[in-house]
Amino acid sequence: MLDALPQVLTPSAADDDPLRDVITLLSRELVCGELAQQAVLDRLLDLLLVLAIRADFHRSATAPRWYRAAADPRLGAALQAMHENAAHPWTAPELASISGLSRAAFARAFRDGLGQAPMRYLTEWRMTLARDHLRADDLSLARIADTVGYGSPYAFAAAFR
């Protein structure tokens, strides 16, 4: 995600853009000084950042491949399934079925959309989740392996290496 961010983000919120609403709320919250103001500001700034990045990706011809693929009705469902349940023992035919495509058509569309095979993408997604767990949690290797879809800490360690 960090590699996909533009050097400079220039939000331009149209009248019907939720970004405008968040900026308005943020402006009001900055002046009010109410109890728990910092908690509200933190959440609004998180929301502002996500909406600004989304708007930039939506406008950009150089948006990351994974962002464009997630919006593709043929690939979006499979990506969502992998992201929501990385531990599931996904197979290419199962992901193709979720996408409503034949295995060959799914593999071709996935490679065209994301530049890699579906199972390679899944492995990279699992490793991304594992890195996050290793940095942030105090989970055991066995628990992390289970969470990201590996049957044992040894299989996980070999894949992670």
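Lys and Arg count as positive and Asp and Glu as negative, with His and the chain ends left out. These charges belong to a predicted model, and the legends below describe views of it.

**Figure 1. Charges of the chain.** The chain carries 17 positive and 19 negative charges. The mean position of the positive charges and that of the negative charges are 10 Å apart. The chain exposes about 10,300 Å². Carbon and sulfur atoms supply 56% of that exposed area.

**Figure 2. Helices and overall dimensions of the chain.** Nine helices and zero strands are found in the chain. Read from the N terminus, the order of elements is α-α-α-α-α-α-α-α-α. Along the principal axes, the C-alpha atoms occupy a box of roughly 55 × 40 × 25 Å. The radius of gyration is 20 Å, whereas a compact globule of 161 residues would have a value near 15 Å. Of the 161 residues, 30% are buried. Among contacts with a separation of 6 or more, 48% join residues 24 or more positions apart.

**Figure 3. Close-up of the aromatic cluster with F57, W66 and Y67.** Six aromatic pairs occur in the structure. In one of them, the ring centres of F57 and W66 lie 5.9 Å apart and the ring planes meet at 80°, so the pair is edge-to-face. The angle exceeds the limit for this class, because planes over 60 degrees apart count as edge-to-face. F57 has a relative accessibility of 4% and counts as buried. W66, at 35% relative accessibility, counts as partly exposed. F57 and W66 form one aromatic cluster together with Y67. F57 also belongs to helix α2, which covers residues 37-59.

**Figure 4. Close-up of the ring pair Y150 and F156.** The ring centres of Y150 and F156 are 6.1 Å apart, and their planes stand at 55°, so the pair is tilted. Both partners are buried, because each lies under the 20% limit of relative accessible area. The value for Y150 is 14%, and the value for F156 is 2%.

**Figure 5. Close-up of S99 and the residues around it.** S99 belongs to helix α5, which covers residues 92-99. The relative accessible area of S99 is 11%, so the residue counts as buried. Beyond its neighbours within four places in sequence, S99 contacts R74, L75, A78 and F106.

**Figure 6. Close-up of A36 in the loop between α1 and α2.** A36 sits in the loop that leads from α1 to α2, the latter helix covering residues 37-59. Its phi is near 65°, a positive value in a residue other than glycine. With 46% relative accessibility, A36 counts as partly exposed, because this class lies between the 20% and 50% limits.

**Figure 7. View of T10 and Y121.** T10 is located in the segment before α1, a helix of residues 18-32. The relative accessible area of T10 is 53%, so this residue counts as exposed, the limit being over 50%. T10 and Y121 are 111 residues apart along the chain. Their C-alpha atoms are separated by 30 Å.

Technical notes:
Residues numbered from 1 in each chain as written. Predicted model: local features only at pLDDT ≥ 70, side-chain atom pairs only at ≥ 80, totals over all residues. Heavy atoms only, no water. Helix = DSSP H or I, 4+ residues; strand = E, 2+ residues; numbered from the N terminus. Rg over C-alpha atoms; globule rule 2.2 N^0.38 Å. Buried < 20%, exposed > 50% of the residue type's maximum accessible area, 1.4 Å probe, protein only. Contact = heavy atoms within 4.5 Å. Areas by Shrake-Rupley, 256 points an atom, 1.4 Å probe, with all protein chains shown as cover. Charge placed at Lys NZ, Arg CZ, Asp CG, Glu CD. Phe/Tyr/Trp six-rings, centres within 6.5 Å; stacked < 30°, edge-to-face > 60°.
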